[in-house]
Amino acid sequence: MGLGSIYHKLVLTSPLVEVAIRCLYWNNVKTLKKFRGSSSEGVHVDEAKPIDFDKIIAHLRENGVKKDDIMVIHSSFNALAGAKLSAEEVIDKLYSLVDEGGSLAMPAIRSFEEESNYGDYIENYMDDVAKNFTTVYNIYQSPVTAGLLPFTLMRYDDAVISRFPLNPLTAIGAHAEAMMEHNIEGELPTAHGPNSAWAYCSNHDAWNIGIGVDIKDYLTIFHVSQEVPEWPVKDWYFERDFIIKKSKRETSLRIRERRHIWTKYLAESNFYNDLIKAGILKTAIIDGVPVYTCRSKALFKFIKEQKNPSYPYFVPKKYRK
C-alpha cells in the first residue's frame with residue numbers, strides 16, 4: 001500500500017483526523033516542503049492506451065447533461081492523449097452536449113509575476129503575502145496554469161473571460177456574457193461571491209464536471225457556499241489590490257481573498273467521500289480516464305443541511321462569529 005493510500009485511509013476515519021494532519025503539515029510547511037513531489041497536470045493516465053472520447057460524451061449525456069445546460073469543465077488534456085483529438089475537437093464535442101442554448105465554461109486560472117518575484121510561494125502562502133503588493137492581471141496575457149483546454153477555449157471568437165483575477169472562468173455560449181457581466185462589481189468583491197461567475201453557474205444549476213483530473217482539483221464551485229454574508233467564521237478574508245488590464249484599458253480593483261490559514265481546516269477527503277456516499281458526486285473510469293459529475297443545486301442543498309455551520313471546513317469555535 002502506497003503512502004497516498006495510507007493517507008487516504010487514515011483521514012477518512014474522521015474529518016477531525018484529516019484536519020489535524022492538515023494542520024500538522026501547514027504548521028510545518030517550511031520544513032516539509034523539501035519532501036513535496038513535483039506536480040503535473042491531471043492524474044496518471046497511460047497515454048499509449050486508446051481513448052474513445054465519444055464514450056465520455058455519451059456518459060455525460062446518459063447522466064443527464066442536455067441542451068441548454070451550463071457545464072463547468074475541469075480537465076486535463078494530457079490525460080486525453082489517447083483520444084488523438086486536438087484541443088479544439090475536445091472542446092467542440094463537449095459544447096455539442098449543451099449546444100448554443102447552453103454554455104461551456106472552464107477555469108482559466110492564472111499565475112502572476114508579482115507572486116513569483118516575492119519568494120517561495122508555498123513558504124509565503126499561509127502568510128497571505130499578496131496583501132503587501134499590487135498584482136497585475138492581464139486578461140489576455142497573464143499565463144494560464146489550468147491547462148491547454150481552457151487556454152484554447154479563451155481563444156474562441158465568442159469566448160468571454162472573467163475580469164475577476166482569482167479563479168477566473170472563461171465561457172462560450174448563451175450564458176457567457178451574463179456570467180461575467182458583474183464579476184468585479186460591488187464593494188470588495190470576492191472570487192466566488194454573489195456577483196461572481198461561479199455564483200452565476202451555481203444559481204443556474206450548472207453541471208460541475210471533471211475529466212482526467214484528481215478529484216480534489218475539480219469542485220471549485222463549492223466555495224460559493226462560504227462567500228456569503230452569513231458565513232460564520234471571523235476574519236475569513238484579507239484585502240488585496242489588483243490592476244486589471246484589458247487591451248489598453250486598466251482598472252484598479254481592491255478585492256477580498258480567503259485567508260490561506262483556513263486551508264488547514266478543510267476536511268477535503270471527507271467532503272468528497274460524503275458527496276459520493278450521498279449520490280451527489282458520481283464517479284466513473286472510462287478508458288482509464290476518471291470522470292466526475294455533480295449538479296450545483298444538489299451540492300449546495302447537501303452543504304446547507306449539514307450540522308456543522310462551516311462545513312466542509314472544521315473551524316475551531318474560537319474563530320467563529
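Colleague: Hi! Where does Asp287 lie?
Modeller: Asp287 is in the loop between β9 (282–286) and β10 (289–295). Helices (H or I, at least four residues) and strands (E, at least two) are DSSP runs, numbered from the N terminus.

Colleague: Before we go on, what kind of model is this?
Modeller: This is a predicted model, where local features need pLDDT of at least 70 and side-chain atom pairs count only at pLDDT 80 or more, while totals for chains, interfaces and linings use all residues. Residues are numbered from 1 along each chain as its sequence is written, and side-chain values use heavy atoms, with hydrogens and water left out.

Colleague: Thanks. Back to Asp287: buried or exposed?
Modeller: Asp287 counts as buried because its relative accessibility is 19%. Buried means under 20% relative accessible area, exposed means over 50%, and partly exposed is in between (1.4 Å probe, protein chains only).

Colleague: And what is its phi?
Modeller: Asp287 has a positive phi of about 50 degrees, although it is not a glycine. Ser247 is another non-glycine residue with a positive value, its phi being near 55 degrees.

Colleague: Where is Ser247, then?
Modeller: Ser247 sits in the loop between β7 (237–246) and β8 (249–258). Its relative accessible area is 62%, so Ser247 is exposed.

Colleague: Let's zoom out. How many helices and strands are there in the protein chain?
Modeller: The protein chain has 12 helices and 10 strands.

Colleague: What about the radius of gyration?
Modeller: The protein chain has 19 Å, which agrees with the value near 20 Å for a compact globule with 321 residues. That radius is taken over C-alpha atoms, and the globule rule is 2.2 Å times the number of residues to the power 0.38. Along the principal axes, the C-alpha atoms fill a box of roughly 55 × 50 × 40 Å. Of the 321 residues, 51% count as buried.

Colleague: What share of the contacts join residues at least 24 apart?
Modeller: Among contacts between residues at least 6 apart in sequence, the share is 72%. Contact means heavy atoms within 4.5 Å.

Colleague: How far apart are the mean positions of the charges?
Modeller: The mean positions of the 40 positive and 41 negative charges are 7 Å apart. Lys and Arg count as positive and Asp and Glu as negative, with His and the chain ends not counted. Each charge is placed at NZ of Lys, CZ of Arg, CG of Asp or CD of Glu.

Colleague: Now the rings. How many aromatic pairs are there?
Modeller: Rings of Phe, Tyr and Trp (its six-membered ring) pair if their centres lie within 6.5 Å; planes under 30 degrees apart count as stacked, over 60 as edge-to-face and the rest as tilted. By this rule there are 17 aromatic pairs. Trp231 and Trp236 form an edge-to-face pair, at 5.2 Å centre to centre with 65 degrees between the planes. Both of these tryptophans are buried.

Colleague: Which residues do ring pairs link into a cluster?
Modeller: Phe222, Trp231, Trp236, Trp262, Tyr265, Phe271, Tyr272, Phe302, Tyr311, Tyr313, Phe314 and Tyr319 are linked into a cluster. Of those names, Phe271 and Tyr272 come up again in helix α11 (residues 268–277), where the buried residues include both. Tyr311 also leads into a cis peptide bond to Pro312, with omega near 5 degrees. Pro312 is in the segment after α12 (296–304).

Colleague: Tyr265 is in that cluster too. What does Cys23 contact, leaving aside neighbours within four places in sequence?
Modeller: Cys23 is in contact with Lys264 and Tyr265. The C-alpha atoms of Cys23 and Lys264 are separated by 5.0 Å, although these residues are 241 residues apart along the chain. Cys23 lies in helix α2 (residues 15–27), and it counts as buried because its relative accessibility is 14%.

Colleague: Last one: where is His175, and what does it touch?
Modeller: His175 is in the loop between β5 (169–173) and α9 (176–180). Not counting residues up to four places away in sequence, His175 touches Asp68, Ile70, Gly101, Gly102, Ser103, Tyr200 and His204. At 16% relative accessibility, His175 counts as buried.
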